[in-house]
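This report describes the fold elements and charged side-chain pairs of one protein model. Please consult the sequence and the structure together while reading.

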Amino acid sequence: MEISYQIFGSKSSVDLDVCFFVDELNSIQENHETIKIYIEKSNIDTSKVINANLAIIEKGIVIACFKGEEDELNNALYKTYEFHSQRYEKRIVRKVNRNLEARIERCLRSLISYFTRTEFRVKAKEALRGNIKDKVAFLENIELEKIKDFGKNGSHIEVYKTIAFQLGITLALLESVELYTKESIIKHYPDLKNYLLRKESNVNVLQEYLDEFISIMKKRKHEFTRIYK
């Protein structure tokens, strides 16, 4: 079995993002099995937990992937290749146009999922099943400082880090700026530094970014015709 992969993402990440290149994608269970086998057989020299994805490449761009959106993974692979020591040559030859609406949807789902183990679990699950308006309405009522326990979704520091990352890359893309690493988000949004570096910090700034995101979604909803049907 010939295995080809690329390490990507932030240089300082506590885990290791790896994308294995495959000829086809199968069921969710089969894809997870493929990832497990590929990690074992690739013998990647790391002490970090490997966070793996699968992607199909055609003519030098990602045309399908197991996790996330093709355009985001393609550009992340392209932009962060040189940030890591690589075993294989660069497979991605160019960036592609970003799908802003898909990024917004992914951000909303990711943020809401962190409240499914809190006192808002029922409303969070309803919002995840609902449309974009439902998701925005749910987040509009969230006050982060009042969330005392995120349950199995992780500690406050871990959850704040992910929220900051999701908000950072999404707000930037709304400005037509593409960010793919913690370092680039910190440079663009210095106020998010402590959250992204998993440092204890007052949650007020993160709440301001969340409120700004919700405000933008409400003000600019006419631009997102597909997701606001």
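A residue is called buried when its relative accessible area is under 20%, exposed when that area is over 50%, and partly exposed in between. The model is a predicted one. By the stated cut-offs, glutamate 143 counts as partly exposed, at 38% relative accessibility.

**Salt bridges**

Across the whole structure, 8 salt bridges are found. Among them are the three pairs tabulated here, each with its closest N to O distance.

| Basic residue | Acidic residue | N to O distance |
|---|---|---|
| Lysine 90 | Glutamate 82 | 3.5 Å |
| Lysine 146 | Glutamate 143 | 3.4 Å |
| Arginine 198 | Glutamate 158 | 2.8 Å |

Arginine 198 lies in the loop between helix H8 (193–196) and H9, whereas glutamate 158 belongs to helix H6, so this pair ties together parts that are 40 residues apart in sequence. Arginine 198 is partly exposed at 21% relative accessibility, and glutamate 158 is likewise partly exposed, at 33%. In the pair of lysine 90 and glutamate 82, the lysine is partly exposed with a relative accessible area of 29%, while glutamate 82 is exposed at 54%. Lysine 146, the partner of glutamate 143, is partly exposed at 48%. A network of salt bridges also links Asp71, Glu72, Arg98 and Arg103.

**Helix H3**

Arg103 is one of the buried residues of H3, which also include Glu101, Ile104, Cys107 and Leu111. The buried residues of this helix are covered by, among others, helices H2 (70–80), H4 (121–129), H5 (132–140), H6 (156–174) and H9 (204–219). At the N-terminal end of H3, asparagine 99 acts as a cap, with a side-chain oxygen 3.3 Å from the backbone nitrogen of glutamate 101. The 14 residues of H3 (100–113) should span 20 Å at 1.5 Å a residue, and the end C-alpha atoms are indeed 20 Å apart.

**The sheet**

Four strands form an open sheet in the order S1-S2-S3-S4, with mixed pairing. Strands S1 (4–8) and S4 (61–65) stand at the edges with a single partner strand each, so one side of each has no neighbour in the sheet. On average, neighbouring strands are turned by 40 degrees against each other, direction ignored. S1 pairs with strand S2 (residues 15–21) in the antiparallel sense over 5 bridges; the bridge partner of glutamine 6 in S2 is cysteine 19. Helix H1 (residues 28–42) packs on the sheet, touching S1, S2 and strand S3 (49–58), and its direction makes about 110 degrees with that of S3. H2 lies across S1, S2, S3 and S4, running at about 135 degrees to S4.

Key. Residues are numbered from 1 along each chain as its sequence is written. This is a predicted model: local features need pLDDT of at least 70, side-chain atom pairs count only at pLDDT 80 or more; totals for chains, interfaces and linings use all residues. Side-chain values use heavy atoms; hydrogens and water are left out. Helices (H or I, at least four residues) and strands (E, at least two) are DSSP runs, numbered from the N terminus. The expected span of a helix is 1.5 Å times one less than its number of residues. Buried means under 20% relative accessible area, exposed over 50%, partly exposed in between (1.4 Å probe, protein chains only). Contact means heavy atoms within 4.5 Å. A polar contact is a pair of N or O atoms within 3.5 Å; within protein, one must be able to donate a hydrogen and the other to accept it, and residues adjacent in sequence count only if both atoms are side-chain atoms. Two strands pair if DSSP finds at least two bridges between them. Axes are lines fitted to C-alpha atoms, for helices over the stretch in contact, and angles run from 0 to 180 degrees between N-to-C directions. A salt bridge is a side-chain nitrogen of Lys or Arg within 4 Å of a carboxyl oxygen of Asp or Glu.
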